[in-house]
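Reader: I should like to study this structure through a series of short questions. May we begin with the side chains that carry charge?

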Amino acid sequence: MTFVKLRYICILEGRLVDLTEAERMTRAAWLYYVAGLNQAETAHRLGVTRARVNRLLQGARQTGVVAISVNERDLGLLKVEEALRVRFGLDTCIATVPVGGNGSHADQEATLRLVGAAGAQLMQGRLAADPSMIIGIGWGRTLAALAHAFPGPAAPEARFISLMGSLTAKSSVNPFDVVQELAKATGGEGYFLPVPFIADTPQDRAFLLSQQAIKAPLALARRAQCAFISVGELTSDSLLVQKGMIGEDDLAELRAAGAVGDTNGIFFDAAGVPVAHPLNQRCVALGLDALRSMETVLLSAGRQKLNATRALLESGAIRTLVIDGDSALALSRVSGASDATP
């Protein structure tokens with residue numbers, strides 16, 4: 001860059017001094033970055049306005065007069081978080097500390113607790129900003145971990161609403177229980193859909209949705225400003241199969257239809273599009289279109305959920321991702337996110 005010789009008449013060290021633009025830029029940078037003066041003090045020393053100092057400092061960075069370096073040792077997974085945020089068009093990405101290990105049960109439990117605690121901290125922040133917020137709640141072990149880790153704050157005007165049918169016969173992570181635990185922690189109100197998670201037939205689902213007892217909480221769920229959901233991989237180890245909510249035949253049919261995962265009973269393919277299968281017409285839950293209308297936070301814990309997590313992110317329904325560090329690193333590799341950082 002060529003600097004125009006500008007005449008600045010300044011009194012420095014008791015004498016009149018002519019300064020070029022480059023010299024003025026360097027002096028502003030030294031006073032601000034090395035001497036530790038703020039912009040107002042730097043402006044006073046140079047005899048210019050604060051706006052002028054701001055422009056001088058910008059110019060110093062752009063031309064290399066000032067080179068800022070960051071000790072990346074303490075960055076954690078910030079670069080990976082930013083790469084995933086850009087790659088999937090997210091507002092926010094939060095990655096926990098990697099657990100590593102060999103995928104043992106203890107490792108998986110530690111991962112669940114870490115992601116649950118990070119999700120709880122995020123929910124705390126949302127409620128601190130808006131204590132009367134309506135928050136939609138999905139289901140699963142990760143959401144249960146969030147509820148167990150959630151200490152408050154007190155928010156008696158907050159409302160928590162299940163995003164899906166809450167009556168399950170066998171599950172230890174019933175959506176109703178998660179909602180009630182969060183309501184108890186905050187002093188807020190808990191609401192749920194008093195119907196089965198999966199209706200016997202599409203006709204039964206339509207009948208259930210026509211009932212006034214379902215219409216009111218479902219309308220509340222659609223008004224939620226924020227939703228916290230998890231994701232499941234379609235394998236024999238998935239929670240849906242383990243709890244007997246779908247059978248091995250259903251699993252095989254869903255895979256044949258192209259499904260790779262589910263959230264709230266919505267079965268989707270690798271592009272995050274709901275598949276053509278009768279189960280998608282039988283689940284009583286808010287769909288992906290409704291989730292796109294609010295800030296939907298996805299909690300993903302465990303590398304076994306990698307494909308399902310990636311697919312759900314491709315749907316465009318997720319705005320915030322909370323993920324364990326090991327999965328974040330793997331996801332950045334398989335999705336090309338490492339090349340997406342601007």
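Author: Certainly, and we may start with one glutamate. Glutamate 82 has 27% relative accessibility and therefore counts as partly exposed. This rests on a predicted model.

Reader: Which residue meets glutamate 82 in a salt bridge?

Author: Glutamate 82 lies in helix α4, which covers residues 78-88, and its partner lies in that helix 3 residues away, about one turn of the helix. This partner counts as partly exposed because its relative accessibility is 28%. The two side chains meet at 2.7 Å, N to O, and the partner is arginine 85.

Reader: How many residues apart in sequence are arginine 87 and glutamate 314?

Author: The side chains of arginine 87 and glutamate 314 meet in a salt bridge, with 2.7 Å from N to O. Arginine 87 belongs to helix α4 and glutamate 314 to helix α13 (residues 306-314), so the pair ties together parts of the chain whose separation in sequence is 227 residues.

Reader: Are arginine 87 and glutamate 314 buried, partly exposed or exposed?

Author: Buried requires under 20% relative accessible area, and exposed requires over 50%. Arginine 87 has 26% relative accessibility, so it lies between these limits. Glutamate 314, at 32%, also lies between them. Arginine 87 is therefore partly exposed, and glutamate 314 is likewise partly exposed.

Reader: Are arginine 52 and glutamate 21 buried or exposed?

Author: These two side chains meet in a salt bridge of 2.6 Å, N to O. The pair links distant parts of the chain, with arginine 52 in helix α3 and glutamate 21 in helix α1 (residues 21-34), 31 residues apart. Both arginine 52 and glutamate 21 are buried.

Reader: How many salt bridges are there by the rule used here?

Author: The rule asks for a side-chain nitrogen of Lys or Arg within 4 Å of a carboxyl oxygen of Asp or Glu. The pair of arginine 52 and glutamate 21, at 2.6 Å, is one of those that meet in this way. By this rule, the count of salt bridges is 6.

Reader: How far apart are the end C-alpha atoms of α1?

Author: Helix α1 has 14 residues, and at 1.5 Å a residue these should span 20 Å. The separation in the model agrees with that expectation, because the end C-alpha atoms of α1 are apart by 19 Å.

Reader: Which residue just after α1 takes a positive phi?

Author: The buried residues of α1 itself include Met25, Ala28 and Leu31. Just after the helix, phi is about 85°, and the residue concerned is glycine 36.

Reader: Which residue has a positive phi although it is not a glycine?

Author: Most residues other than glycine have a negative phi. The residue in question is found in the loop between β9 (261-263) and β10 (266-268). At 1% relative accessibility, it counts as buried. Its phi is about 55°, and it is asparagine 264.

Reader: Why is α2 described as roughly perpendicular to α3?

Author: The axes of helix α2 (residues 39-46) and helix α3 (residues 50-63) come within 8 Å and cross at roughly 100°. Angles from 65 to 115 degrees count as roughly perpendicular. The crossing therefore makes the relation of α2 to α3 roughly perpendicular.

Reader: How many residues of the contact of α2 with α3 are nonpolar?

Author: From α2 the contact includes Ala40, Ala43 and Leu46, and from α3 it includes Val53, Leu56 and Leu57. The residues of the contact divide into 3 polar, 1 charged and, as nonpolar, 6.

Reader: What distance separates the C-alpha atoms of glutamate 81 and glycine 325?

Author: Glutamate 81 has its place in helix α4 and is buried, because its relative accessible area is 15%. Leaving aside neighbours within four places in sequence, glutamate 81 is in contact with Cys93, Ile94 and Ala95. Glycine 325 is 244 residues away along the chain, yet the C-alpha atoms are separated by 9.3 Å.

Reader: What share of the residues of the protein count as buried?

Author: One buried residue is threonine 296, with a relative accessible area of 0%, found in strand β11 (residues 295-300). For the protein, which has 342 residues, the share that count as buried is 49%.

Key. Residues numbered from 1 in each chain as written. Predicted model: local features only at pLDDT ≥ 70, side-chain atom pairs only at ≥ 80, totals over all residues. Heavy atoms only, no water. Axes fitted to C-alpha atoms, helices over the stretch in contact; angles between N-to-C directions. Helix = DSSP H or I, 4+ residues; strand = E, 2+ residues; numbered from the N terminus. Parallel < 35°, antiparallel > 145°, perpendicular 65-115°, else oblique. Contact = heavy atoms within 4.5 Å. Nonpolar A, V, L, I, M, F, W, Y, C, P; charged D, E, K, R; others polar. Buried < 20%, exposed > 50% of the residue type's maximum accessible area, 1.4 Å probe, protein only. Expected span 1.5 Å × (residues − 1).
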